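Good morning, and thank you for the time on today's agenda. I shall present one protein chain, moving from its surface to its interior and then to its charged pairs.

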Amino acid sequence: MSLQWTLIAGFLYTEVAVVLLLLLPGISPSRWQKIFRSRILKALSNQASVYFTVLLFVLCLFLLDAVREMSKYSGDSGVKSESHQHLDAEMQSNMRLFRAQRNFYISGFALFLCLVIKRLASLISTQAQLVAENEAALKQARSATTTARNMMVGKGEEAQNSSNEVSAQVKKQLKEKEDLISNLQEELSKKTQEVKELQSEMNKKKKDHEAILSQQQGLSREYDRLADENAKLQKLMDSANKKED
């Protein structure tokens with residue numbers, strides 16, 4: 001594997017580790033929000049869109065290069081499999097085709113996980129904001145309720161009318177806050193469902209990746225078998241040439 005594809009593969013493994021880290025249930029969204037707002041990440045976030053665009057462009061270039069290599073060696077493999085005249089050249093073409101397919105899957109998964117990480121970070125940040133707003137609304141509702149009770153207890157009969165008006169306003173505010181809390185909870189449940197869907201999709205992609213690795217191992221074994229058969233044929237040809245001499 002060349003240097004650039006080694007770097008792309010290392011970047012892919014890093015993305016998988018980041019996705020698994022983001023999906024850990026032990027880290028709350030508020031803690032992730034604090035991490036995202038740290039000085040280092042905040043300094044990088046100023047140019048984050050530029051970095052992300054450049055990264056996507058580079059990954060797309062590698063993906064297109066892998067597609068080009070696949071189409072190139074696929075055509076060569078078809079011609080050589082029809083002639084069957086040069087076994088070594090055919091094996092070399094199959095090996096290059098396998099490398100092109102491997103590079104295609106590596107660059108494709110790296111590009112996909114890059115988009116997934118961006119979406120997960122956005123969802124976690126939104127969820128942390130919703131949780132903070134929910135807690136603030138609950139505190140405000142409790143404070144309004146406590147204030148209303150104190151006013152109702154401290155006032156006598158002379159302030160009964162004003163107390164009723166304040167109580168009505170407090171009830172109205174409480175109703176509005178309860179509606180807001182219910183809306184926030186619905187939004188939070190939707191975001192949680194989206195995170196679960198992304199997690200299931202990641203599990204599916206992981207299974208596909210494992211299938212690709214198993215296919216890679218099968219192709220490697222087939223290549224070794226063909227190499228052994230080639231060596232045997234070469235020995236038979238050498239022995240036949242010696243007998244003829």
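**A patch, a core and charged pairs**

I begin at the surface, where Val-50, Tyr-51, Val-54, Phe-57, Val-58 and Leu-61 make up a nonpolar patch whose accessible area is about 560 Å² together. Please bear in mind that what you see is a predicted model. One member of the patch, Val-54, sits in helix H4. Its relative accessible area is 47%, so Val-54 counts as partly exposed, the class that runs between 20% and 50%.

Let us step back to the chain as a whole. How many helices and how many strands does the protein chain have? There are six helices and zero strands. Following the sequence, one therefore reads the pattern α-α-α-α-α-α. The protein chain has 245 residues, and 24% of them count as buried. Its accessible surface is about 17,300 Å², with 56% belonging to carbon and sulfur atoms. As for contacts in the chain with a separation of 6 or more, 84% are between residues 24 or more positions apart.

The UniProt record, an unreviewed entry, places the feature "transmembrane region" at residues 6–27, 48–67 and 104–121. I can describe two of these spans in the model. Residues 6–27 are 77% helix and 0% strand, with 31 Å between the end C-alpha atoms. Residues 104–121 are 100% helix and 0% strand, and there the end C-alpha atoms lie 26 Å apart.

I turn now to the interior. Which residues of the largest nonpolar core touch the most other members? The core has 26 residues, and the answer is Leu-12, Val-19, Leu-59 and Leu-120. Two or more residues of this core come from each of helix H1 (3–22), helix H4 (48–83), helix H5 (87–154) and helix H6 (160–244). The contribution of H5, 11 residues, is the most. Leu-120 gives a view of the contacts in this region: setting aside neighbours within four places in sequence, it is in contact with Val-19, Leu-22, Leu-23 and Leu-198.

Two further positions deserve a mention. Gly-10 belongs to helix H1, and with a relative accessible area of 29% it is partly exposed. Gly-10 and Ala-110 are 100 residues apart along the chain, yet their C-alpha atoms are separated by 9.7 Å. The other position is Asn-103, in helix H5. Is Asn-103 buried or exposed? The cut-off for buried is under 20% relative accessible area, and Asn-103 has 9%, so this residue is buried. Apart from residues up to four places away in sequence, Asn-103 touches Trp-5 and Ala-66.

My last topic is charge. The structure holds six salt bridges, and I shall describe three of these. In the first example, Arg-119 and Glu-194 meet through their side chains, with 3.4 Å from N to O. Why might this pair interest us when we look at sequence positions? Arg-119 is in helix H5 and Glu-194 is in helix H6, so the bridge ties together parts 75 residues apart in sequence. Both partners are partly exposed: Arg-119 has a relative accessible area of 40%, and Glu-194 has 27%.

In the next example, Glu-187 pairs with Lys-191, and the closest N and O atoms are 3.8 Å apart. These two residues are separated by about one helical turn, because they stand four residues apart in helix H6. Glu-187 is partly exposed at 30% relative accessible area, whereas Lys-191 is buried at 14%.

There is also a network, in which salt bridges that share partners join Asp-65, Arg-68 and Glu-69. Within it, Glu-69 forms a salt bridge with Arg-68, and the closest N and O atoms are 2.7 Å apart. Glu-69 is buried, with a relative accessible area of 18%, while Arg-68 is partly exposed at 44%.

To close, I would ask you to keep three things in view: the nonpolar patch that includes Val-54, the core to which H5 gives the most residues, and the salt bridge between Arg-119 and Glu-194. Thank you for your attention.

How values were computed: Residues are numbered from 1 along each chain as its sequence is written. This is a predicted model: local features need pLDDT of at least 70, side-chain atom pairs count only at pLDDT 80 or more; totals for chains, interfaces and linings use all residues. Side-chain values use heavy atoms; hydrogens and water are left out. UniProt positions are given in the numbering used here, feature names are shortened, and annotations may be inferred rather than shown by experiment. Buried means under 20% relative accessible area, exposed over 50%, partly exposed in between (1.4 Å probe, protein chains only). Contact means heavy atoms within 4.5 Å. Accessible areas come from the Shrake-Rupley method with a 1.4 Å probe; for residues, only the protein chains shown count as cover. A nonpolar core is a set of buried Ala, Val, Leu, Ile, Met, Phe, Trp, Tyr and Cys residues joined through side-chain atoms within 4.5 Å. Patches are made of residues with over 30% relative accessible area and no salt bridge: like charges are joined within 9 Å, nonpolar side chains (Val, Leu, Ile, Met, Phe, Trp, Tyr) within 5 Å. A salt bridge is a side-chain nitrogen of Lys or Arg within 4 Å of a carboxyl oxygen of Asp or Glu.
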